[in-house]
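Reader: I am new to this structure and would like to begin with a close look at one small part of it. Please start from a single residue and then work outwards, so that I can see how the surroundings fit together.

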Amino acid sequence: MQASHLSVAPGCAAIRAGRLDRRRLLAALAAAGLGAALPGAARSAEGEYDAMLLSCIDPRFVTPVYRYMQGQGLAGKYSQFCIAGAAIAVVAAKFAAWRPAFWDNTQATLQLHRINRIIAIDHRDCGAARIAYGAASIATPEAATETHKRALAEFRRAVGEHHPGLTVVTGLMALDGSIEIFS
Ligand SMILES: [Zn+2]
């Protein structure tokens, strides 16, 4: 294939050169500004990843939680387990039936992605916290802080028992996307 026979946009050097291998395609995508939209595209289904994120299903927090992970330099480098209440789903008696799915999933991501830490992000005004512990548990900012601090501490202990080698980071996110980290 002769480069001169093709008419392509500047920046598609890999295509023009006729060497459309994976690395060059990704470089071309990055040059075209598409790489940022596909942070996981350069990686494979199995391999060395960084973390598993545990977060709540609350629609208001999907984007702020992603932005936090992105800010930590983790875009495309983590797996995700999303469940109502985040860490509360793993420790509250009310959600005991959900627990095996979390631990089985953690085992799967350890095996597939060889993660070395779990990042659990609870959030304020969480409906699942109310279901698990009652309305008073999150009625004031102070009460909510205590409720989540307790649940996150219990979560860290539980991960330590199941997977002592894993680092655990736990945080509580506010509606403005700011986060308090507890450890
Ligand atoms: Zn929630």
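Reader: In which loop is A86 found?

Author: The model is a predicted one, and within it A86 sits in the loop that runs between β2 (78-82) and α4. Most residues other than glycine have a negative phi. A86 has a positive phi, near 50°, although it is not a glycine. With a relative accessible area of 0%, A86 is buried, because any value under 20% is counted in that way.

A second residue with a positive phi makes a useful contrast. D125, which is not a glycine either, has a phi of about 60°, and its place is the loop between β3 and α6. Whereas A86 is buried, D125 is partly exposed, at 41% relative accessibility.

The loop that holds D125 also contributes to a metal site. The zinc ion takes its protein donors from C56 (SG), H123 (NE2) and C126 (SG), at 2.0 to 2.3 Å. Since C56 belongs to the loop between β1 (51-55) and α3 (62-71), while C126 belongs to the loop between β3 (117-123) and α6 (127-133), the pair ties together parts that are 70 residues apart in sequence. Along the chain, the spacing of the donor residues reads C-x66-H-x2-C. Both of the cysteines, C56 and C126, are buried.

From these loops one can move to the strands. β2, the strand before the loop of A86, belongs to an open sheet of five strands, whose order is β2-β1-β3-β4-β5 and whose pairing is mixed. β2 and β5 are at the edges with a single partner strand each, so one side of each has no neighbour in the sheet. From one strand to the next, the twist averages 25°.

Further into the sheet, β1 and β3 run parallel and are paired over five bridges, with L53 standing opposite I119 of β3. β3 and β4 are also parallel, and seven bridges join them; one of the pairs is R117 with its partner T167 in β4. β4 and β5 (residues 179-182), by contrast, run antiparallel and are joined by four bridges, where T170 has F182 of β5 as its bridge partner. These two strands form a hairpin with five residues between them, and in that hairpin G177 has a positive phi near 90°. β4 is largely enclosed by the rest of the structure, because five of its seven residues are buried.

Against this sheet lies a helix. α7 lies across β1, β3, β4 and β5, and its direction makes an angle of about 165° with that of β4.

The side chains packed together here bring the picture back towards α4. In soluble globular proteins, nonpolar side chains tend to be buried together. In this model the largest nonpolar core has 35 residues, and those with the most contacts inside it are L54, I88, V90, F102, I118, F155 and V159. Two or more residues of this core come from each of β1, α4 (87-91), α5 (99-113), β3, α6, α7 (141-162) and β4 (167-173). The largest contribution is that of α7, which gives six residues. For F155, when neighbours within four places in sequence are left aside, the contacts are L54, A87, V90, V91, F102, I118, A120, V168 and T170. There is also a second, separate core of 11 residues, among them L53, Y68, M69 and M173.

The aromatic rings add a last layer of detail. There are four aromatic pairs in the model. In one of them, F102 and W103, the ring centres are 4.8 Å apart and the planes stand at 75°, so the pair is edge-to-face. F102 is buried at 1% relative accessibility, and W103 is likewise buried, with a relative accessible area of 12%. Through ring pairs, F81, F102, W103 and F155 are linked into a cluster. F155 and F102, which belong to that cluster, are also among the residues with the most contacts inside the largest core.

Key. Residues numbered from 1 in each chain as written. Predicted model: local features only at pLDDT ≥ 70, side-chain atom pairs only at ≥ 80, totals over all residues. Heavy atoms only, no water. Donors = N, O, S within 2.8 Å, 3.2 Å for Na, K, Ca; no water. Buried < 20%, exposed > 50% of the residue type's maximum accessible area, 1.4 Å probe, protein only. Core = buried A, V, L, I, M, F, W, Y, C linked by side-chain atoms within 4.5 Å. Contact = heavy atoms within 4.5 Å. Pairing = 2+ DSSP bridges. Axes fitted to C-alpha atoms, helices over the stretch in contact; angles between N-to-C directions. Phe/Tyr/Trp six-rings, centres within 6.5 Å; stacked < 30°, edge-to-face > 60°.
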